[in-house]
Amino acid sequence: MPHDILLPCDDIMFSIFARLLIKCLLRFQSVSKLWKATICDRNFIKNYCDYSKAVGRQKLLLRQEYSCDFVFRDPELITMDDPNQFLPPKRFHYSKISCSCDGLFLLKNRKAYKTYLLCNPSTREYRILECPYVKCRDDPPNACGMCYDSRIDDYMIILIFKSFYVVYSLSKHSWTRKTSPPHLVQPYCIDRYCAKGISTQDGIFWSMNNIIDLRVVTTSTIIYFDVTSDEVKKISLPNFIGEEDMFYLTTLKGCLSLYGGKGGDQLQVWIMEQDGWKWLLNICNLPIHCHVFVQLTELLHLTKNGEFLIRGCMSLVSMYYPKQQQFVRVLEDFFSLASICLDTLYFFKHTLKRKRNHP
């Protein structure tokens with residue numbers, strides 16, 4: 001009797017597969033043609049990502065100092081999530097993450113002025129991209145970002161240059177050049193600096209100062225890439241930002257967020273919900289002055305129990321416990337890179353190398 005006859009119907013299979021870890025699904029592709037077709041189906045990939053967002057199935061992607069290996073950890077428990085490490089292609093060793101969305105990451109080597117690596121660490125697959133609008137090494141983008149357009153089920157990458165920006169469509173595998181609006185033309189340009197945008201379900205966000213970055217003060221303009229129109233627009237500055245305040249953009253719970261304040265030993269955390277900005281909490285007993293703290297740290301993740309996972313100065317990863325108002329270092333190693341990602345079933349043609357992490 002053929003094996004496929006014994007398999008459950010499509011709806012039940014869909015429901016069961018959506019609850020499995022990606023490493024299980026990758027193995028199950030070899031069980032039968034039907035299973036492989038289901039796992040690689042575009043509708044299933046989208047539903048799997050939606051389910052991961054709904055249940056908070058996230059990973060902490062890390063790279064140790066002076067290493068080109070990437071490794072996963074559970075952001076809630078800070079335990080090893082996967083015993084395997086993986087390596088990007090050799091020319092992208094020690095690359096920085098230019099931007100990310102869901103579980104997809106864009107890497108760029110400083111020596112490769114127009115070549116990027118778009119990869120999915122969960123499936124260990126990648127695609128090489130070349131931006132045709134970068135003409136020379138002395139003309140790098142000043143900002144970049146990635147977002148998902150649910151209307152057309154497509155991921156978009158945006159690179160912002162001094163007087164124009166380009167948009168890459170993952171499904172079409174094509175680049176489009178657009179002229180920058182007046183509020184996006186930058187008065188200054190810092191060579192080799194590229195601001196990583198904050199990706200949310202509504203678009204990609206940056207702050208316009210003398211350059212594009214993530215710092216928000218009273219003279220800043222918050223700009224965002226609108227996926228519905230492929231245009232870069234601006235939003236009003238929150239009214240809680242005062243003359244002496246300094247805030248930084250981040251994302252928490254999938255929403256645009258701000259953290260910072262006037263100074264002293266505490267900072268505020270705000271989150272943008274559908275009906276506007278809401279105060280979330282204050283982080284107290286900062287080890288250094290608030291303005292210095294927000295420039296040297298990044299709020300990576302808000303756990304289900306309400307603790308903050310933070311990557312701070314000296315590449316240390318700590319957890320802040322609001323009830324105790326205490327910072328605790330949770331990882332002994334020093335990490336040059338730390339980022340939160342979803343379990344995402346997006347497949348590319350090429351496979352990243354595995355490196356077994358032996359005890």
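Contact here means heavy atoms within 4.5 Å. Keep that in mind as we walk through this predicted model, beginning with one histidine.

Look for His-291 in helix H5, which covers residues 290–296. Leaving aside residues up to four places away in sequence, His-291 touches Glu-244, Asp-245 and Met-246, along with Gly-261, Lys-262 and Gly-263. One of those neighbours also offers a polar partner: a polar atom of the His-291 side chain sits 3.2 Å from the backbone oxygen of Glu-244. Is His-291 buried or exposed? Its relative accessibility is 18%, so His-291 counts as buried, given that buried means under 20%.

Now for a patch that takes in part of the same stretch of chain. Ile-288, Val-292 and Leu-296 make up a nonpolar patch on the surface, and together they have about 210 Å² of accessible area. Ile-288 belongs to the loop between strand E22 (276–283) and H5. With a relative accessibility of 32%, Ile-288 counts as partly exposed, because that class lies between the 20% and 50% cut-offs.

Strand E22 leads us on to a sheet. Here 5 strands form an open sheet, in the order E16-E19-E20-E21-E22, with antiparallel pairing. E22 is one of the edge strands and strand E16 (215–216) is the other, each pairing on one side only. Strands of a sheet pair through backbone hydrogen bonds, either parallel or antiparallel.

At the E16 edge, 2 bridges join E16 to strand E19 (residues 246–252), and the two run antiparallel. Which residue in E19 is the bridge partner of Val-216? That partner is Phe-247. And Met-246, where E19 begins, is among the residues that His-291 touches.

Technical notes: Residues are numbered from 1 along each chain as its sequence is written. This is a predicted model: local features need pLDDT of at least 70, side-chain atom pairs count only at pLDDT 80 or more; totals for chains, interfaces and linings use all residues. Side-chain values use heavy atoms; hydrogens and water are left out. Helices (H or I, at least four residues) and strands (E, at least two) are DSSP runs, numbered from the N terminus. Buried means under 20% relative accessible area, exposed over 50%, partly exposed in between (1.4 Å probe, protein chains only). A polar contact is a pair of N or O atoms within 3.5 Å; within protein, one must be able to donate a hydrogen and the other to accept it, and residues adjacent in sequence count only if both atoms are side-chain atoms. Patches are made of residues with over 30% relative accessible area and no salt bridge: like charges are joined within 9 Å, nonpolar side chains (Val, Leu, Ile, Met, Phe, Trp, Tyr) within 5 Å. Accessible areas come from the Shrake-Rupley method with a 1.4 Å probe; for residues, only the protein chains shown count as cover. A salt bridge is a side-chain nitrogen of Lys or Arg within 4 Å of a carboxyl oxygen of Asp or Glu. Two strands pair if DSSP finds at least two bridges between them.
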